[in-house]
Amino acid sequence: MTRNSSGVRAALLRRTARFLHATGLLSLARPLLERTRVTTEGGLRAFPFVRRRRRAAAQILIYHRVNDQRDPYFGGVPVEVFRRQMEYVASRYRVLRLSDLVRGLRAGSVPENAIAVTFDDGYRDNYLHAFPILRAASVPATIFLATSAVGSRRQLWHDDVFSAFRETRASTLEPVGRARIRGSLATVEERLRVQHRFLAHIRTLDEMERTNAILRLRDALGVGPPRETPGLMLQWDEVQAMSREGIEFGSHTATHPILSRMGRNQAEREIVDSKRVLEERLGTTVEGFAYPNGTAADFTAETKALLRDAGYTYAVTTIHGSNDPEIDRFELRRATPWDEDVFAFGLRLRYNKLCS
């Protein structure tokens, strides 16, 4: 999709959303939307079925960063946009802590319009920009931390990739190592396409292969080895301050590996050690886990068994959709709120609710 066609679709969505809000049609349809789902179960994906839900479903939103940097390589939600979104959900939804939402799903007592707000990784702008907005809007949230990066000057491995494409002066990337990925880097759009292909490739590798692939990439792009990035990730005193104010924390492993690409012992260490560190630092029980990357290819039945054995009670994915009481608690679905227009954001939430 070109940038122009994407812009046209976004503008059409904004106009449609504003019309539905202005006419009250979205509010009138709300009772129907709450108990309806669209599914391809038992049918072809091109011909989805509309089914009635037996019980209410809940949504989980996923964020990473909140800032005004407008970084195309790994951007955040602009601060004012995030403020409008949180004010919107606070006024129209029953916003729950994620652990409470999961307990409601388990008991079959989750409210009709339940929603939870989550963040992954542990970027410091969660404390600097998101936390004051959450507190002002009385919106609870859960932050899943990659614990090795908290309180350190290190960045996560995907940030090593983002910074390489952001900083390089190279005009092309020639194939390096096993990746065999090449392409022009003359424009930001071209860089992003190559970056996307490279990330897709290294997510299929084990930890050592991924590390070596990133080092080769950075060498090929002339940016040198990964550098320290003070101020990028949260500090422990900031995590503790948010915890005292009601922000909930869960594990996102220690080093953000793709768990399905690891041996059992390595995966268990990531799962267990991150939980232990969080509980020691916060003095509370950690119930929740977020799979790094979070697609269906990034965890296995064995991964879920390791989580249960470690004492987690639920895990979230990045698989799109809403959550019925019947859903596997270790495959909870989440949706990313891309829309900056608050009316389009609201319409998107209604659409997300329809997805099984």
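Let's start in the middle of this predicted model, with helix H4: what covers its buried residues includes the strands E3, E5 (114-121), E6, E9 and E11. The helix spans residues 98-107, and its buried residues are Leu 98, Ser 99, Leu 101, Val 102, Gly 104 and Leu 105. The pattern is easier to read with a general rule in mind: an α-helix has 3.6 residues a turn, so residues three or four places apart point the same way. Just after H4 comes Gly 108, which takes a positive phi of about 70°.

It helps to step back for a moment and take in the whole chain. The protein has 12 helices and 11 strands. Of its 356 residues, buried ones make up 50%. Among contacts with a separation of 6 or more, 68% are between residues 24 or more positions apart.

Now back to the strands, beginning with E5. How many of the 8 residues of E5 are buried? The count is 8 of the 8, so E5 is largely enclosed by the rest of the structure. Several strands pair with E5. E3 runs parallel to E5, joined by 5 bridges, and in this pairing Ile 60 has Ala 116 as its bridge partner. E4, a strand of residues 94-95, also pairs with E5 in the parallel sense, over 2 bridges; here Val 95 stands opposite Ile 115. E6 is joined to E5 by 4 bridges, again in parallel, with Thr 118 opposite Thr 142.

From E6 (residues 142-145) you can walk on to E9, since 4 bridges join these two parallel strands. Ile 143 is the residue that stands opposite Phe 249 in E9. In a regular strand the side chains alternate between the two faces of the sheet. E9, residues 248-251, shows this nicely: Glu 248 and Gly 250 point one way, Phe 249 and Ser 251 point the other way, and all of them are buried.

Next, let's look at how some of the helices pack. Two packed helices are described by the angle between their axes and the distance between the axes. For H5 and H9 (residues 236-244), the angle is about 25° and the axes lie 10 Å apart. Angles under 35 degrees count as roughly parallel, and H5 and H9 are therefore roughly parallel to each other. Their crossing is left-handed. At the contact, Asn 126, Tyr 127 and Phe 131 of H5 meet Glu 238, Ala 241 and Met 242 of H9.

H6 and H7 make a useful contrast. The axes of H6 (residues 157-167) and H7 come within 10 Å and cross at roughly 155°. With over 145 degrees counting as roughly antiparallel, H6 and H7 are therefore roughly antiparallel to each other. H6 passes H7 in a right-handed crossing. On the H6 side, Trp 157, Val 161, Phe 162, Phe 165 and Arg 166 take part, meeting Arg 191, Val 194, Gln 195, Phe 198, Leu 199 and Ile 202 in H7. H7, residues 188-202, also holds His 201. Is His 201 buried or exposed? Its relative accessible area is 17%, and because buried means under 20%, His 201 is buried. Leaving out residues up to four places away in sequence, His 201 touches Arg 178, Ala 179 and Ile 181.

Finally, consider the charged pairs. The structure holds 20 salt bridges. One of them joins Arg 65 to Asp 125, with the closest N and O atoms 2.9 Å apart. This pair links distant parts of the chain: Arg 65 sits in the loop between E3 (59-63) and H3 (79-92), Asp 125 belongs to H5 (residues 125-136), and the two are 60 residues apart. Both Arg 65 and Asp 125 are buried.

The side chains of Glu 340 and Arg 70 meet in another salt bridge, at 2.7 Å from N to O. Here the partners are 270 residues apart, with Glu 340 in the loop between E11 (314-316) and H12 (342-354) and Arg 70 in the loop between E3 and H3. Glu 340 is partly exposed, with a relative accessible area of 35%, whereas Arg 70 is exposed at 55%. A further salt bridge brings together the side chains of Glu 174 and Arg 182, also 2.7 Å from N to O, and Glu 174 is partly exposed at 40%. Salt bridges that share partners also join Arg 97, Asp 100, Arg 103, Glu 248 and Glu 287 into one network.

Key
Residues are numbered from 1 along each chain as its sequence is written. This is a predicted model: local features need pLDDT of at least 70, side-chain atom pairs count only at pLDDT 80 or more; totals for chains, interfaces and linings use all residues. Side-chain values use heavy atoms; hydrogens and water are left out. Buried means under 20% relative accessible area, exposed over 50%, partly exposed in between (1.4 Å probe, protein chains only). Two strands pair if DSSP finds at least two bridges between them. A salt bridge is a side-chain nitrogen of Lys or Arg within 4 Å of a carboxyl oxygen of Asp or Glu. Contact means heavy atoms within 4.5 Å. Axes are lines fitted to C-alpha atoms, for helices over the stretch in contact, and angles run from 0 to 180 degrees between N-to-C directions. Angles under 35 degrees count as roughly parallel, over 145 as roughly antiparallel, 65 to 115 as roughly perpendicular and the rest as oblique. A crossing is left-handed if the near helix is turned anticlockwise from the far one by less than a right angle, and right-handed if clockwise.
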